Amino acid sequence: MKKKILCVVGTRPEAIKMAPVILALQQESWADVRVLATAQHRHMLDQVNQFFGITPDIDLDIMRPNQALTELTARLLMKLDEVLETERPDVVLVQGDTTTVMSVALACFYRRIPIGHVEAGLRTWDMQNPFPEEANRVITGKLARWHFAPTEGSRQNLLKDGVQDADIVVTGNTVIDALLMSASKDLEIGIELDPGKRLVLVTSHRRENFGEPFRNICRALRTLAENNPEVQFLYPVHPNPNVKDIAYEFLDKLPNVVLCAPLDYAPFIAAMKRATIILTDSGGVQEEAPALGKPVLVLRSETERPEAVEQGVVKLVGANYDLIVSEAQRLLDDEAAYRAMARGISPYGDGKAAQRIAEILRRDCA
């Protein structure tokens, strides 16, 4: 009799990183794979599922305008419990550190359903940063049966948190699986750019940067754009007013800055491939860009992904105006400094993480 595996995704990063796992499990004869979309972030989730050819079997359509975390969590728990009662899965898989992930872990715990946590063990050891993701990871880590850690460092974090070594498997990060599946394709950005100019790609939307830190980031981007008219800047802007209003206040109408709506997954991969350097506060981009040989300046003061920093292909610059300007300018001007960071090193995986996860579940469940 087949085992029912329920794979849950709520946001775009979850959909990207869970897609290789879903596709790998669909090849397993013992597994009846079901996909649940909570749609914590509606549009950005759907386009990723479509890109990978995945159609959710259940869609909670949970997103509401300006949804507060408490309200979101409460609605998720009620809806998830109904799904678990109906589906009665043998195993539930979650990925990452969103409110969806934490809520699924708690709902499954109440029903004594084992869960596997993909990308387990990331930690900053600061519950306020990133918020609420660090707490979501810690809670999920306490409740998971299987911990699929992307790196040895993540495994050590889990051990420090009291997780049994036998419950941890270092698999690599499935984001590299998805990237390698996608980057070899002929993808288009879909935005008109000057092919003769170097490109700086920017993403910044994290909650902990809202307010003055984000204003500092935008001031630095404006200075870089004004000082480097021969360089293009592409910034897909998150629709949250805390981001969009300030980004347009500082950067709109600069001739070498293109502000646009968030790019779908495939165009964003194309933009990363086209970029000279990348400035971001995204966790996923910190993992993907080094594999493409792109230097990354992280617009955060700390990261739960220290491996690329230790390898010298990612650098933390925070929301510090002077540091953002000086480090970006150095990469634009100093060929040796640029080459030192553009080495194409991927400390996060070899593209076989999903295969390893499927093998572990086959061993324990088939």
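**Exercise 1.** Which residue caps the N-terminal end of α4?

*Solution.* This is a predicted model, in which local features need pLDDT of at least 70, side-chain atom pairs count only at pLDDT 80 or more, and totals for chains, interfaces and linings use all residues. Residues are numbered from 1 along each chain as its sequence is written, and side-chain values use heavy atoms, with hydrogens and water left out. The cap is T98, which has a side-chain oxygen 3.3 Å from the backbone nitrogen of T100. Just after α4, R112 takes a positive phi of about 60°.

**Exercise 2.** Compare the expected span of α4 with the distance between its ends.

*Solution.* The expected span is 1.5 Å times one less than the number of residues. For the twelve residues of α4 (99-110) this gives 16 Å, and the end C-alpha atoms are 17 Å apart, which agrees.

**Exercise 3.** Explain why α4 is described as largely enclosed.

*Solution.* Buried means under 20% relative accessible area, exposed over 50%, and partly exposed in between, with a 1.4 Å probe and protein chains only. Ten of the twelve residues of α4 are buried, so the helix is largely enclosed by the rest of the structure. Among the buried residues are V101, M102 and L106. The elements against which the buried residues pack include β1 (3-9), α1 (12-25) and β5 (115-118).

**Exercise 4.** Place β5 in its sheet.

*Solution.* The open sheet has seven strands in the order β3-β2-β1-β4-β5-β6-β7, with parallel pairing, where two strands pair if DSSP finds at least two bridges between them. Three bridges join β5 to β6 (146-149), and G116 stands opposite W146 in β6.

Key: Helices (H or I, at least four residues) and strands (E, at least two) are DSSP runs, numbered from the N terminus. Contact means heavy atoms within 4.5 Å. A polar contact is a pair of N or O atoms within 3.5 Å; within protein, one must be able to donate a hydrogen and the other to accept it, and residues adjacent in sequence count only if both atoms are side-chain atoms.
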